[in-house]
Amino acid sequence: MSIIVKNVSKLYGKQHALDQVSFEVKKGEIVGFLGPNGAGKSTMMKIITCFLPPSSGDVSVCGFDIRNDSLELRKKIGYLSESNPFYPDMYVREFLEFIAGIHQLKDKKKSVDEVIETTCLQIEQHKKIGALSRGYKQRVGLAQALIHNPEVLILDEPTTGLDPNQLVEIRELIKKCG
């Protein structure tokens, strides 16, 4: 199994963001969380990616437990959060080289070149992130999530705020990555 979630709950005071949620995602499956705002979708993704601990329950990704093996587990996951935490004054290539360094990739230049090609950022690679359109910023976010060739890719609302053309482009890009 790639992701196993068993009886996960998350409490904020007395309010349940998640209440005894369980599911499994097998290798190669593509799944989505559907629900209204406040249903706990982003909270679950943050728990799976070790950004937020559950109040109770168990989660494992690629055989690694979120509590005991979080550093190893994080190496297996590519994560694009709902609000991309970019450095707007960094250039696209510079940002991706920075991310490649965080992942301690052996051949940073090759990894950056490949992910720029995969996400169709060639034309934009020498621009500052703050100057990019929303669609290209999403591509940069996807590139940072993909740069270390993760086994599991978790995308939190990757198409929110995109125009119809950008929406089609990002969906095609995600399909290509899968």
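A residue counts as buried under 20% relative accessible area, as exposed over 50%, and as partly exposed in between. The exercises below apply this scale and others to a predicted model.

**Exercise 1. Determine whether N7 and Q20 are buried, partly exposed or exposed, and state what marks their backbone.**

Solution.
Step 1. Locate the residues: N7 lies in strand β1, and Q20 belongs to strand β2.
Step 2. Read the accessibility. N7 has a relative accessible area of 40%; because this value falls between 20% and 50%, N7 is partly exposed. Q20 stands at 45% and is likewise partly exposed.
Step 3. Examine the backbone. The phi of N7 is positive, about 50°, although N7 is not a glycine. Q20, also not a glycine, has a positive phi of about 60°.

**Exercise 2. Establish the strand order of the open sheet and explain why one side of β2 and of β4 has no neighbour in the sheet.**

Solution.
Step 1. Write the order: four strands form the open sheet as β2-β1-β3-β4, with antiparallel pairing.
Step 2. Inspect the ends of this order. β2 (15–25) and β4 (64–65) are the edge strands, and each has a single partner strand, so one side of each is left without a neighbour in the sheet.
Step 3. Examine one pairing. Strand β3 (residues 56–61) is joined to β4 by two bridges, and the two run antiparallel. Within this region, S60 stands opposite D65 in β4.

**Exercise 3. Describe how helix α1 packs on the sheet and which elements cover its buried residues.**

Solution.
Step 1. Find the contacts: helix α1 (residues 41–48) touches β1 (3–12), β2 and β3.
Step 2. Give the orientation: the direction of α1 makes about 120° with that of β1.
Step 3. Assess the burial. Seven of the eight residues of α1 are buried, namely K41, S42, T43, M44, M45, I47 and I48.
Step 4. Identify the cover. The elements over these buried residues include β1, β2 and β3 of the sheet, together with α2 (70–76), β5 and β6 (152–155).
Step 5. Look beyond the helix: α1 is followed by C50, whose phi is positive, near 70°.

**Exercise 4. Identify the residues that make the nonpolar surface patch of about 310 Å², and place Y87.**

Solution.
Step 1. Name the members: the patch is made by Y87, F98 and I102.
Step 2. Place Y87: this residue is found in the loop between β5 (77–80) and α3 (92–102).
Step 3. Test Y87 against the patch criterion. Members must have over 30% relative accessible area; Y87, at 45%, is partly exposed and therefore meets this cut-off.

Methods:
Residues are numbered from 1 along each chain as its sequence is written. This is a predicted model: local features need pLDDT of at least 70, side-chain atom pairs count only at pLDDT 80 or more; totals for chains, interfaces and linings use all residues. Side-chain values use heavy atoms; hydrogens and water are left out. Patches are made of residues with over 30% relative accessible area and no salt bridge: like charges are joined within 9 Å, nonpolar side chains (Val, Leu, Ile, Met, Phe, Trp, Tyr) within 5 Å. Accessible areas come from the Shrake-Rupley method with a 1.4 Å probe; for residues, only the protein chains shown count as cover. A salt bridge is a side-chain nitrogen of Lys or Arg within 4 Å of a carboxyl oxygen of Asp or Glu. Buried means under 20% relative accessible area, exposed over 50%, partly exposed in between (1.4 Å probe, protein chains only). Two strands pair if DSSP finds at least two bridges between them. Contact means heavy atoms within 4.5 Å. Axes are lines fitted to C-alpha atoms, for helices over the stretch in contact, and angles run from 0 to 180 degrees between N-to-C directions.
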